[in-house]
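Student: Please take a close look at the nonpolar interior of this chain. I would like one connected account of that part, followed by whatever can be said about the charged pairs.

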Amino acid sequence: MHRFRKNRVNCSLWAWGKNISGQLGLGDVANRTSPVQVGTLTTWTSISGGQYNSHAIKSDGTLWAWGDNSSGQLGLGDIVLRSSPVQVGTLTTWTAVVTGASIGNHSLALKSDGTLWSWGLNSGGQLGLGDVPNRSSPVQVGTLTTWTSIIVGSSHSIALKSDGTLWVWGDNGSGQLGLGDIVLRSSPVQVGTLATWTAIAGGTACSIALKSDGTLWTWGTNADGNLGLGDALARSSPVQVGALTTWTSISLGVHAHFSALKSDGTPWAWGRNLYGQLGLGDTVNRSSPVQVGALTTWTAITGGGNNTLASKSDGTLWACGYNSFGGLGLGDVAHRSSPVQVGALTTWTASVSGRVHSLGLRRG
């Protein structure tokens, strides 16, 4: 899933949901069922929600982290929990950050020079450093300066290079690396030879990607039909989902539910639906993409633990799925099986959902 969002404008940072490890960044561990502003700054540009931790980047290129840190996933050189944002090092060259929203507890980040960095849990080689020891501070992955896009699954990682090639590493017990086998990799390995990949997302033991021709591809575990291929058979190599060439955006939830947008602005969903996270008005799993409603005004969509957040072109934010800790931001703890608007504001520019908490950016 895309668990990070970057904006071109400075924004205020908001958080809600479960807060057991201070992942909301509000200086305490109390849950929130509605969005609450984190501090007073309006200089945030990028956010990422993990299992019980969060990362964000400011307009000055500084990287900040807070929440659970038991595996060093905050990148602060220790394993001490933080309940308020703390700067990671002193550099001002960070451009993107992603952190795992499942048991992986590892993080990846890009710098403005195109280098790739990783830290946190590394039991499956998911840091891409050629070994399995954890790291509590950012470490560069190789020496290349051509990385352009990153994503993390539970215990695996996916990245794109500027030449359009797709690279993977980490745990591979369900074929989630797409390499045609189930062998763990602790260093980046290219998936096939194609140079036409444009977007990536990863979840618990499965992955999804888009090609430049608008086709959609999935691989990995498939117990809930989450690969969108009409069955429940796992795949260890990328397989095209249908024959359409109009896919433009993808997201993968932690627990194997997928969401995607087409070029006409329609949202589609499939996979696990235990709490109504597909937004289809029920709790029935789907093994093939199904359109969510009839509107064509959706602009972004992201999956969390068992919930989904989505934005419309009018700047409104919508949510559905699991809500026991208020992760939908609706002021209560009732699950929703259809999208419900979060408040009445029209100033949302980005949102991400971790395992049980959510973050959002608003203009001003």
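Tutor: What follows begins with the nonpolar cores, then turns to salt bridges and one loop residue. The model is predicted, and the description below should be read with that in mind.

The largest nonpolar core has 26 residues. Within this core, the residues that touch the most other members are Leu108, Leu116, Ile150, Leu166 and Ile200. Several strands contribute to the core: at least two residues come from each of β7 (94-99), β8 (106-111), β11 (147-152), β12 (156-161), β13 (166-170), β15 (197-202) and β17 (216-220). In soluble globular proteins, nonpolar side chains tend to be buried together.

Leu108 can be followed in detail. Setting aside residues up to four places away in sequence, Leu108 touches Ala96, Val97 and Val98, among others. Its partners also include Leu116, Trp117, Ser118 and Trp119. Further contacts of Leu108 are with Ile150, Ile151 and Val152, and with Ser157 and Trp169. Apart from this core there is a second, separate one of 16 residues, with Ala201, Leu227, Ile250 and Leu252 among them.

Now the charged pairs. The count of salt bridges is 7. One of them joins Arg82 to Asp78, with the closest N and O atoms 2.9 Å apart. Arg82 counts as buried because its relative accessibility is 18%, under the 20% cut-off. Asp78, at 23%, counts as partly exposed. Arg286 is paired with Asp282, and here the closest N and O atoms are 2.9 Å apart. Asp282 has a relative accessibility of 23% and therefore counts as partly exposed. A further salt bridge links Arg336 and Asp332, where the closest N and O atoms are 2.9 Å apart. Asp332 is at 25% relative accessibility, so Asp332 counts as partly exposed.

Last, the loop residue. Thr93 lies in the loop between β6 (82-87) and β7, and β7 is one of the strands that supply at least two residues to the largest core. With a relative accessible area of 29%, Thr93 is partly exposed. Leaving out neighbours within four places in sequence, Thr93 is in contact with Gly61, Leu110, Lys111 and Ser112. Gly202 is 109 residues from Thr93 along the chain, and the C-alpha atoms of these two residues are separated by 25 Å.

Methods
Residues are numbered from 1 along each chain as its sequence is written. This is a predicted model: local features need pLDDT of at least 70, side-chain atom pairs count only at pLDDT 80 or more; totals for chains, interfaces and linings use all residues. Side-chain values use heavy atoms; hydrogens and water are left out. A nonpolar core is a set of buried Ala, Val, Leu, Ile, Met, Phe, Trp, Tyr and Cys residues joined through side-chain atoms within 4.5 Å. Buried means under 20% relative accessible area, exposed over 50%, partly exposed in between (1.4 Å probe, protein chains only). Helices (H or I, at least four residues) and strands (E, at least two) are DSSP runs, numbered from the N terminus. Contact means heavy atoms within 4.5 Å. A salt bridge is a side-chain nitrogen of Lys or Arg within 4 Å of a carboxyl oxygen of Asp or Glu.
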